[in-house]
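Q: Please take a close look at one part of this model, the packing of one helix pair, and then place that part in the setting of the whole chain. A connected account in prose would be preferred.

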Amino acid sequence: FHRDSLDGWVRLGYAQLRSSQLPAAQKSFARAYQLSPQSPDVLNGLGMIHARQQKVREAGGWFTAALQQKKDFAPALLNLAVLTQQHSTNQLGALK
């Protein structure tokens with residue numbers, strides 16, 4: 001894919017996430033973020049990376065940012081719900 005292809009970086013980042021290559025996924029989503037910082041796909045991907053790293057507040061912030069861009073963005077809605085279900089209210093206090 002072309003180095004300035006948002007779709008290419010997002011697809012690569014999700015593929016890297018699926019194969020647990022977190023540092024590589026982080027780099028791919030960081031590049032995608034440079035290309036389109038308002039993309040719900042990019043924001044959701046960054047949230048997924050933080051969730052996998054057990055960075056609950058950061059992950060919730062990225063999922064919330066994705067929903068601010070597109071309020072009915074199903075992947076971020078699902079990920080935020082799963083994150084909320086899996087972690088105590090104390091850890092998610094910053095999201096409220």
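A: In this predicted model, helix α4 (residues 56-69) and helix α5 (residues 74-86) have axes that come within 9 Å and cross at roughly 150 degrees. Because an angle over 145 degrees counts as roughly antiparallel, α4 is roughly antiparallel to α5. The crossing in which α4 passes α5 is left-handed. On the α4 side, the contact is made by Val56, Ala59, Gly60, Phe63, Thr64, Ala66 and Leu67. The α5 side contributes Ala76, Leu77, Asn79, Leu80 and Leu83. By residue class, this contact of α4 with α5 divides into 9 nonpolar and 3 polar residues, with no charged residue.

The pair α2 and α3 offers a second case to set beside this one. Helix α2 spans residues 22-35, and helix α3 spans residues 40-52. The axes of α2 and α3 come within 9 Å and cross at roughly 155 degrees; α2 and α3 are therefore roughly antiparallel to each other. Here too the crossing is described by its hand: α2 passes α3 in a left-handed crossing. From α2, the residues Leu22, Ala25, Gln26, Phe29, Ala32 and Tyr33 take part. They meet Asp41, Val42, Leu43, Gly45, Leu46, Ile49, His50 and Arg52 of α3. The contact of α2 with α3 comprises 9 nonpolar, 3 polar and 2 charged residues.

One residue of the α2 and α3 contact also leads back towards α4. His50 lies in helix α3 and belongs to the residues of α3 that α2 meets. With a relative accessible area of 12%, His50 is buried, because the cut-off for that class is under 20%. Leaving aside neighbours within four places in sequence, His50 is in contact with Gln26, Lys55, Glu58, Ala59 and Trp62. Of these, Gln26 is one of the α2 residues that meet α3, while Ala59 is among the α4 residues in the contact with α5. The side chains of His50 and Trp62 are, in addition, joined by a polar contact of 3.4 Å.

Two of the loops between helices contain a residue with an unusual sign of phi for discussion here. Ser20 lies in the loop between α1 (6-18) and α2. Its phi is near 60 degrees, a positive value in a residue other than glycine. Ser20 counts as exposed, because its relative accessibility is 54% and the class begins over 50%. Gln54 lies in the loop between α3 and α4, and it has a positive phi of about 60 degrees although it is not a glycine. At 54% relative accessibility, Gln54 likewise counts as exposed.

The setting of the whole chain completes the account. The secondary structure of the protein comes to 5 helices and 0 strands, and along the sequence the pattern reads α-α-α-α-α. Of the 96 residues of the protein, 39% count as buried. Among contacts between residues at least 6 apart in sequence, 45% join residues at least 24 apart. To return to the part requested, α4 and α5 are a roughly antiparallel pair with a left-handed crossing and no charged residue in their contact.

Notes
Residues numbered from 1 in each chain as written. Predicted model: local features only at pLDDT ≥ 70, side-chain atom pairs only at ≥ 80, totals over all residues. Heavy atoms only, no water. Axes fitted to C-alpha atoms, helices over the stretch in contact; angles between N-to-C directions. Helix = DSSP H or I, 4+ residues; strand = E, 2+ residues; numbered from the N terminus. Parallel < 35°, antiparallel > 145°, perpendicular 65-115°, else oblique. Left-handed = near helix turned anticlockwise from the far one by under 90°. Contact = heavy atoms within 4.5 Å. Nonpolar A, V, L, I, M, F, W, Y, C, P; charged D, E, K, R; others polar. Buried < 20%, exposed > 50% of the residue type's maximum accessible area, 1.4 Å probe, protein only. Polar contact = N/O pair within 3.5 Å; in protein donor to acceptor, adjacent residues only side chain to side chain.
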